[in-house]
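Q: Please take a close look at a single part of this model, the contact between chain B and chain A. Then follow chain A inward.

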Amino acid sequence: MFRKRPPPEEERRVRANDREYNEKFQYASNCIMTSKYNIITFLPVNLFEQFQEVANTYFLFLLILQLIPQISSLSWFTTIVPLALVLSITAVKDATDDYFRHKSDNQVNNRQSQVLIRGSLQNEKWMNVRVGDIIKLENNQFVAADLLLLSSTEPHGLCYIETAELDGETNMKVRQSVSVTSELGDPNNLATFDGEVVCEPPNNKLDRFCGTLYWRDSKYGLTNQNMLLRGCVLRNTEACYGLVIFAGPDTKLMQNSGRTKFKRTSIDRLMNTLVLWIFGFLVCMGVILAVGNAVWEREVGSLFQSYLPWDPPVDNFLFSAFLSFWSYVIILNTVVPISLYVSVEVIRLGHSYFINWDRQMFCSQFNTAAEARTTTLNEELGQVEYIFSDKTGTLTQNIMSFNKCSINGQAYGEVTDPLEPPPKRLDFTPFNPLADPDFCFYDDTLLESVKVGDLHTHEFFRLLSLCHTVMSEEKSEGELVYKAQSPDEGALVTAARNFGFVFRSRTPGTITITEMGRPVTYTLLAILDFNNIRKRMSVIVRNPEGRIRLYCKGADTLLFERLHPCNQELMNITSDHLNEYAADGLRTLALAYRDLSEEEWEAWSESHRCAGKATDCREDRLAAAYEQIEQDMMLLGATAIEDKLQEGVPETIAILSLANIKIWVLTGDKQETAVNIGYSCKMLTDDMTEVFIISGHTVQSVRQELRRARERMIEVSRGRDGGKEGGVEGWEGACYNGNGFGGGQAGATGGGGGGEKQLQCPPPPGTPPPPPPPSPPPPLPPLPPQPPSTLMDNISGEFALVINGHSLAHALEADMEAEFVLTACACKAVICCRVTPLQKALVVELIKKHKKAVTLAIGDGANDVSMIKSAHIGVGISGQEGIQAVLASDYSFSQFRFLQRLLLVHGRWSYLRMCRFLCYFFYKNFAFTMVHFWFGFFCGFSAQTVYDQYFITLYNIVYTSLPVLAMGIFDQDVPEQRSLEYPKLYEPGQLNLLFNKREFFICIAQGIYTSVVLFFVPYAVLSDATQSTGEPLADYQTFAVTTATALVIVVSVQIALDTGFWTVINHVFVWGSLGCYFTIMFAMHSQTLFIIFPNQFHFVGSAQSTLLQPVVWLTIALATVICIVPVLAFRFLKLDLKPQLSDTVRYTQLVRQKKRKPVGRSMGGVRGGVGSVSEGRLGARGSSRRSGYAFAHQEGFGELITSGKNMRLSSLALATFASRHSSSWIDTLRKKKHAHTHTPPSASGECSPAPSYVSGSVPPLSTSSSVLGGSQDTPVEEGTHTPPVQSAQVDPVPSTHTPPPSAPASEAACVDVVSPTSVRCPGGDSPGGWTLSLGMVQEALFGWKGIAARTSGSSSPGPPSVAKETSNTE
Amino acid sequence: MKEQQETANRPDNTAFTQQRLPAWQPMLSAGIVIPGFVIIGLAFIGIGIALFVTSQNIQVLERDYTGVENNSPCFKCSDPSTKNCVCKLDFSLDKLFEGPVFFYYGLSNYFQNYRKYGVSRDDRQLSGRLDNFQSPDEGCVPYQYDANNKPIVPCGSVANSLFNDTFKLYQIVNGARKLVPFDGKGIAWWTDHNVKYRNPSITPLKNAFNGTVKPTFWSKPAYELDPSDPANNGFVNQDFLVWMRRAALPDFRKLYRRITEGDYKNGLPAGNYSLEIAYNYPVLDFDGRKKVVFSNVSWMGGKNQFLGIAYLVIGSLCVVMSIVMLIVYAKFKFPDEE
């Protein structure tokens, strides 16, 4: 790091295998150094760094002041002892940190790699690799430096890499060497390679590389496509050779990782401001006292000179005042004690350890505990308002599993009653030796169906085994490894494999599968590749019998349009199944086939060839050709793949949003995938009023869409307000829409969550019975949090916003920012899809800038690093996707659900503790220091201290530091499980209520009050008092001891009052501090010490002589009571008149404990339940249709396969794969734009909640939301019930109390009951009108909710009145 | 084995690491606070009454003898130019002044607590170290060396400004003056007399002071402060010790003598008294005041009205507060307290 850098490079020249040549340029070696110090530089550099801190410099300055005898009002050691202590603690911490950095550097630098040196491969440490070396990489090895790919064992110089550590994308990428070098297969040839690369200087652009290779008198252009970057992992490639271009600190990885920005918490910033204010205050006091001194010296001091002559150099009062100012600066400096900073650090360190130690944040699956990587941000965890989350790997596990399917109208894979023990996992091995042992499926009827040879089932799995772009690798017989480009495809092919249709291998023209144990080779005639518009892919194969068949899988909406009309009935049934799957948050695909005659094939293949050869509009022509053949298909069925959510994600999101934290998902995924996950993790729900989709491609369209969304919100909430009062609009909507119920009932059930609706809904034919309510009721129903009070604070109802990356780019432009923030923040959920890492960071910055809120970013991939770094708090998921995110993060753990614990438990406590600590700390120092100020008026403003100088030295570091530290580390206001049960407890942190400027002034005022009492009570008492032996007590030393003792006792009593959680440690520290005070005082005042140092210990005998006097103790008692009693009374009254939620919870908790002592332990059980309930997708039923054709891969693999480029045996010529690859993507985007402008967002089947399923039950998570909402405002009364139980009890009440609906209403109900079945049609076909009425239904629902919320406090049930209202309106 | 590996990083399950330490969680509940206030209030009222009554029984007699007013007996002495002035302060007691009686002198507007005054001393010297006799501490400036560059012992402002008025009390018995014996022993702190201030262990004491000069304002050297008692000389002279224990506040009094002997063992009987003051100490130039105080003490020391009253006031306020809190509590109690 301290290496002298050569002047910035203009261009880089590297000659292969020529170290001497490359040495000239002094390129950085591959040794990385992230450590800051070594043994010699540590002390000076560290001290230099520490004195850059203002506080430390300030204390150094004080120290220098104290060395001037005229000024020194205190001995030098009062400053140097604490300063030395602080500096050494920090130094030790820095040294430890740096030690670990050295260790990790060493570990990385000493990794082995194979370097080609003088024609032979030698093992070298990474740090010894030089620019210009050729190194050999083997499969699954990390790339050691930025390499130019020279050759590979794969044909055509292709190799596959995983770039997860760099950009977070887990899918494999293809890299290809320049053709001339790819022929240099073996080391011998490579050793003679002496090409020279001229390229750009080191930079941090991951996706760009520009250079030229000069070799044998010709030039070859180099692009990023030829580069292997440090941090990537070689996959699926036996070995490859690369030329080192950038090494060590010059690599793109290191250039990107830059110095971590030092994050400060808002409390830190506030503290710094306050410290500045205090300095100002200190100067003011100094000035006042200096002026006092000037006046005193002139009026009194000059006359008093016979006894106290002025110092020879100080012979006028003005100069004396000047000196007095500095003297007072010295003695009053303790208002900003140096121990403040070090104590804050210690507390934070303690909190960090508690995070590290938390077993409930330990994931046994990965064997990782949570880790607080930064120890300075803990209290900010208690103030988070916005969470920005990555999707893949964070919310989801990035594991796709084949979960359900529908074959020829028969559904398989339905999970049976969750009340019963879970069915056994199917064992495929006896049936199929090639089965993948990791595959999970529970429904044995499907296996039976395969075994009995059901034709449809066989065809279904045959399709799955043929129609894909997966590559297989068979290491040994039967040991198949599938290299799928997207996990979805992998899951499908694996499913087929397990059910007896094993994909074995492929060549460019054939696919070999093992069908029920029998190998069959199909001729692959064409791959009709996937793209974003087609949303489907097909293959055309000829089976051994010569029959040609097209197999197609794709999004149901598109596929159903292309079916043969005779499929109508099957389509309806399948469609029902698809709806169910979509409701479960599964990703669905419809499967179909078409038999082709030889003639048809010939004709089409001709047109296809033409299209393929076309130079202009090739894409369009190909698409048209595909369209032509994919017609009149026969439906086979549908698959449902579960994008497995991480455990507990929906619950976590629900709890966090109850805590008024807004969650934004920022993902690189497609809109469909993102929205789908949004639904399955309950961010989006079907009872949301509206989901806005912003996908405009121009500034204007984005602006318009945002405006429209806002207008709609205002409109809806206005309508709702109207509905609330007049009951007109909303209820009309409900009745008109016929949501399955009479108005009254809709009100009753809808408000309660609609759990009962299902009972009245006749189960549709052919579908399995509706799942019973999940057995463990969800712990905490999400209460729709009230929108924040923004400009749009009149918005009620729940909205969600989905915005696409390209629209986001416009929305983030300077003039749109505000508008975007305004709209997005009015929404409950925001999903940004297709965002780049940079955009992720920009979104975070945007919120930081506009909302002044604390943001938290959580992600697992390297693509999240930018956002993790720019957010106030970055959290890394230490899961599968490498460790880049973790390295950049402030906190890391392996499960998203731990976030609730991190924020609601640790964060809340940290914030609370830190605030209490700061309040007390400022208080105690003001109480301590201000006594000097008052004394100034009685001692001629001479900067005489009130206390003994040893007391001043030790007060902050010994007598009062530990109790407040113990409080700052261990205090708890409510037990951890309560913080999770009452997420509202989190709110004071967000609103910054516990420590702000107002609280600060209260503390200061209390401190000053205490100092007044501490000075004037002894003053009044002692000035006339005498010992019982007649000696006056008014001597300075007695006064000092009395005041100091009173001070220590008062602040100890105060800390005792502030401590809410008295552990053994608190007891030890509080009593220990008092004991310490007396012990040390007696020691300091002892004869022994005086005899040794007569000049230092003037107070000999004072403690003894003073503390034996009853008057002194009476004085101390009086002062203590005067200081404490008002505080006590104030707190009691505040508790009674304005109890905080935490007070109430704490109180209830205590009452509960008293009532039933043994219950204490059972709390853990309840909590355990909370954590373990994971019913992810099971909870949802009956909702909008969201078909998810969500291939995670890009198109183009079909072509790669057919061209045979990635086949070992193929010798087909290389095509311009790379260039096409990128251009087609742009085309796709362009076309997509067209597609979207044609269909209004609300009508696009993927996202809009379709009406027919609104009647289904609202997800149970939200069922009892209003109930809990009530219980949050009013304290829990039946202490024995945990909230879920409560909600279960309360829920039925409204329905039983509902009076029978009036005649017209019931009529409407009858009509409505019929309607759901009649309108049950594929969501994709839903007419636009439905969307409108849907909104009205939901208005109606929400209108009721509003009322429920209003009336929940009173005992009269809300619903009846609602029923009346509705019947009136009809 | 596998399981062990999987949980190798699992944090320890101790009450400490899991923040589950058993703890006492006090709460300011009505059941504690209100009775607490009542108890504190009553206790304070009780103590207050006791203090007040005790204090009322203490007799104090205070006389200013600065001599500012013309009719003051010491007026003539207040002129700094008069040397060796003696003035008589007469007073009479109409009842017995119960003993033991303590006799104090008091100074007002006198800043013994001024920082530079306070540090202007050499504690090594005062603890009898002979090195510091020859070279007193820097802090003693300007009373470190005299004009002839001879070290001053004891050095510094505090010692230099030693209070040097002396008093003799006579009871007028049938027109005759009867000397009331003063007891000057043990009026300083034990630690001061025995630990903090030591004379050099050289006999005679005078030799220790060779080569040094007495403080400028002193009339006699330190080893001759009390001619009547050789042990009461040097740095362990009681009057010197009393003076050296500097006062915390600008108005202070210091113990001069006890009256514990002879006929006056039980106090000063009613009658007329005459206090003979050798007026040496100038205070008028800085507007100071001098006074003498006779007082007796109780278990809690001298007269102290403030303490008793303060206790009574605070105690009453506590009781009042407890009533207020009770009312508030009755109105706004927690809903499930019943």
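**Where chain B meets chain A**

A: Start with one charged pair: R258(B) and E1031(A) form a salt bridge, with their closest N and O atoms 3.7 Å apart (Lys or Arg side-chain nitrogen within 4 Å of an Asp or Glu carboxyl oxygen). Between chain B and chain A the count is two salt bridges. The model is predicted, so local features need pLDDT of at least 70 and side-chain atom pairs pLDDT 80 or more, while totals for chains, interfaces and linings use all residues. Residues count from 1 along each chain as written, chains are lettered from A and ligands numbered from 1 in written order, and side-chain values use heavy atoms, without hydrogens or water.

Several elements of chain B (helices are DSSP H or I runs of at least four residues, strands E runs of at least two) give two or more residues to the side that touches chain A. The helices are α1 (2–6), α2 (30–56), α3 (115–119), α4 (123–126), α7 (190–196) and α10 (305–332). The strands are β4 (101–108) and β7 (252–259). α10(B) gives the most to this side, with eleven residues.

In all, 97 residues of chain B and 108 residues of chain A take part in the contact (heavy atoms within 4.5 Å). Together the chains bury about 9,100 Å² (accessible area lost, 1.4 Å probe, summed over both parts). Carbon and sulfur atoms give 64% of that area. Three residues lead on the chain B side: Q19(B), R115(B) and W189(B) supply 9% of the area that chain B buries against chain A, more than any other three residues.

Now turn to chain A itself. Helix α19 of chain A spans residues 649–658, and ten of its ten residues are buried (under 20% relative accessible area, 1.4 Å probe), so this helix is largely enclosed by the rest of the structure. Among the buried residues are P650(A), E651(A), T652(A) and S657(A). I653(A), I655(A) and L656(A) are buried too. After α19(A) comes N660(A), with a positive phi near 65°.

Aromatic pairs (Phe, Tyr or six-membered Trp ring centres within 6.5 Å; planes under 30 degrees stacked, over 60 edge-to-face, the rest tilted) number 112 over all chains. One of them joins W664(A) and F820(A): the centres lie 6.2 Å apart and the planes stand at 80°, so the pair is edge-to-face. W664(A) belongs to strand β27(A) (662–666) and F820(A) to helix α26(A) (814–825), so the pair ties together parts that are 156 residues apart in sequence. Both W664(A) and F820(A) are buried.

Definitions and conventions
Buried area is the accessible area (1.4 Å probe) that two parts lose on being put together, summed over both. Buried means under 20% relative accessible area, exposed over 50%, partly exposed in between (1.4 Å probe, protein chains only).
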